[in-house]
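Open the model in your viewer and keep the selection box handy. We will go from stop to stop, picking residues and looking at what is around them.

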Amino acid sequence: MQKIRNNFEAAGFDVGSDDVHFHHVCYADSPRHAVINYNGDVFKCTARDFATESREGRLNNEGRIEWNEKFFQRMAIKYSNEACRNCVILPICNGSCTQNKIEAGLKNTCFLSMTEDAKQDYLKAQVNEIIKACIKQKIHNSTQK
């Protein structure tokens with residue numbers, strides 16, 4: 001793996017670091033994402049089964065989605081956890097997976113199980129990654145002139 005990373009870096013690609021894991025928003029957490037099953041059932045998460053009782057909506061005869069209560073629960077639970085709303089890493093963590101939150105029930109805890117020290121370490125690692133990327137870009141720009 002390291003040899004492949006080195007080859008990409010030698011070719012000029014920025015491969016980043018394995019030290020920091022970015023927590024991007026899941027596609028299922030977007031209100032505009034939908035998975036439409038063959039029978040018109042609408043789901044959000046593709047990492048679960050497509051059982052009718054798990055659907056979050058139905059495609060109506062006009063081709064519009066009629067969302068059910070499960071959809072609205074998903075949209076509401078994203079930031080309803082007080083621990084998430086008051087967390088220093090929320091802007092880069094994005095509150096964790098709504099599917100996991102729905103299945104676990106509303107808890108006032110970090111769904112990534114991060115301690116406050118771990119969150120500070122995570123922030124420091126993120127800042128270091130940004131600094132390294134800026135330095136790398138500055139060096140790249142100066143060699144292009």
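**Stop 1: R58 and its partners**

Select R58, in what is a predicted model. R58 counts as partly exposed, because its relative accessibility is 31%. Now add D41 to the selection: D41 and R58 form a salt bridge, with the closest N and O atoms 2.8 Å apart. This pair ties together distant parts of the chain, since D41 sits in strand β2 and R58 in strand β3, 17 residues apart.

Keep D41 on screen and add R55. The side chains of R55 and D41 also meet in a salt bridge, at 2.7 Å from N to O. Here too distant parts of the chain are linked: R55 belongs to the loop between β2 (41–43) and β3 (57–59), D41 to strand β2, and their positions lie 14 residues apart in the numbering. Through shared partners, the salt bridges join D41, R55 and R58 into one network.

Is D41 buried or exposed? D41 counts as buried, because its relative accessibility is 1%. R55, by contrast, is partly exposed at 24%. As background, side chains of opposite charge can pair when their charged atoms come close.

**Stop 2: K78 and D29**

How many salt bridges does a search of the whole structure find? The count is 7. For another of them, select K78 and D29, whose closest N and O atoms are 3.0 Å apart. This pair connects distant parts of the chain: K78 is in the loop between α2 and α3, while D29 is in the loop between α1 and β1 (35–36), 49 residues away. Colour by accessibility if you like, and you will find both K78 and D29 buried.

**Stop 3: the second largest pocket**

Next, select S54, E56, K70, R74 and Q99. These lie nearest the centre of the second largest pocket, which has 13 lining residues. Its volume is about 190 Å³. Show the cartoon as well: helices α2 (69–77) and α5 (98–104) each supply at least two residues of this lining.

Which classes of residue make up the lining of the second largest pocket? It divides into 7 charged, 3 polar and 3 nonpolar residues.

While you are at helix α2, pick F72, which lies in it. F72 counts as partly exposed, because its relative accessibility is 44%. Draw a distance from F72 back to R58 from the first stop: their C-alpha atoms are separated by 14 Å, and the two are 14 residues apart along the chain.

**Stop 4: the cavity**

Now turn to the enclosed space. A search of the whole structure finds 1 cavity of 30 Å³ or more. The largest cavity has a volume of about 100 Å³. To find it, select C84, C87, C93, C110 and F111, the residues nearest its centre among the 13 that line it.

Which helices each supply at least two residues of this lining? They are α3 (82–85) and α4 (90–93). By class, the lining of the largest cavity has 9 nonpolar, 3 polar and 1 charged residues.

**Stop 5: a nonpolar patch on the surface**

Switch to a surface view and select M1, I4, F8 and F13. Together they make a nonpolar surface patch of about 470 Å². M1 lies in the segment before α1 (2–10). M1 is exposed, because its relative accessible area is 74%, over the 50% cut-off.

**Stop 6: two loop residues**

Two single residues finish the tour. R64 is in the loop between β3 and β4 (65–67). R64 counts as exposed, because its relative accessibility is 60%. Draw a line from R64 to C45: they are 19 residues apart in sequence, and their C-alpha atoms are 19 Å apart in space.

Last, go to S113, in the loop between α5 and α6 (116–144). What is phi of S113 near? The angle is near 55 degrees, a positive value in a residue other than glycine. For context, most residues other than glycine have a negative phi. S113 is also exposed, because its relative accessible area is 66%.

Notes: Residues are numbered from 1 along each chain as its sequence is written. This is a predicted model: local features need pLDDT of at least 70, side-chain atom pairs count only at pLDDT 80 or more; totals for chains, interfaces and linings use all residues. Side-chain values use heavy atoms; hydrogens and water are left out. Patches are made of residues with over 30% relative accessible area and no salt bridge: like charges are joined within 9 Å, nonpolar side chains (Val, Leu, Ile, Met, Phe, Trp, Tyr) within 5 Å. Accessible areas come from the Shrake-Rupley method with a 1.4 Å probe; for residues, only the protein chains shown count as cover. A salt bridge is a side-chain nitrogen of Lys or Arg within 4 Å of a carboxyl oxygen of Asp or Glu. Helices (H or I, at least four residues) and strands (E, at least two) are DSSP runs, numbered from the N terminus. Buried means under 20% relative accessible area, exposed over 50%, partly exposed in between (1.4 Å probe, protein chains only). On a 1 Å grid over the protein atoms alone, a cavity is a set of points where a 1.4 Å probe fits but cannot get out, and a pocket is an open set with protein on both sides within 12 Å along at least five of seven lines; lining residues have an atom within 4 Å of a point. Grid points are joined across faces, edges and corners, and a volume is the space filled by probe spheres set on the points. Ala, Val, Leu, Ile, Met, Phe, Trp, Tyr, Cys and Pro count as nonpolar, Asp, Glu, Lys and Arg as charged, and the others, Gly among them, as polar.
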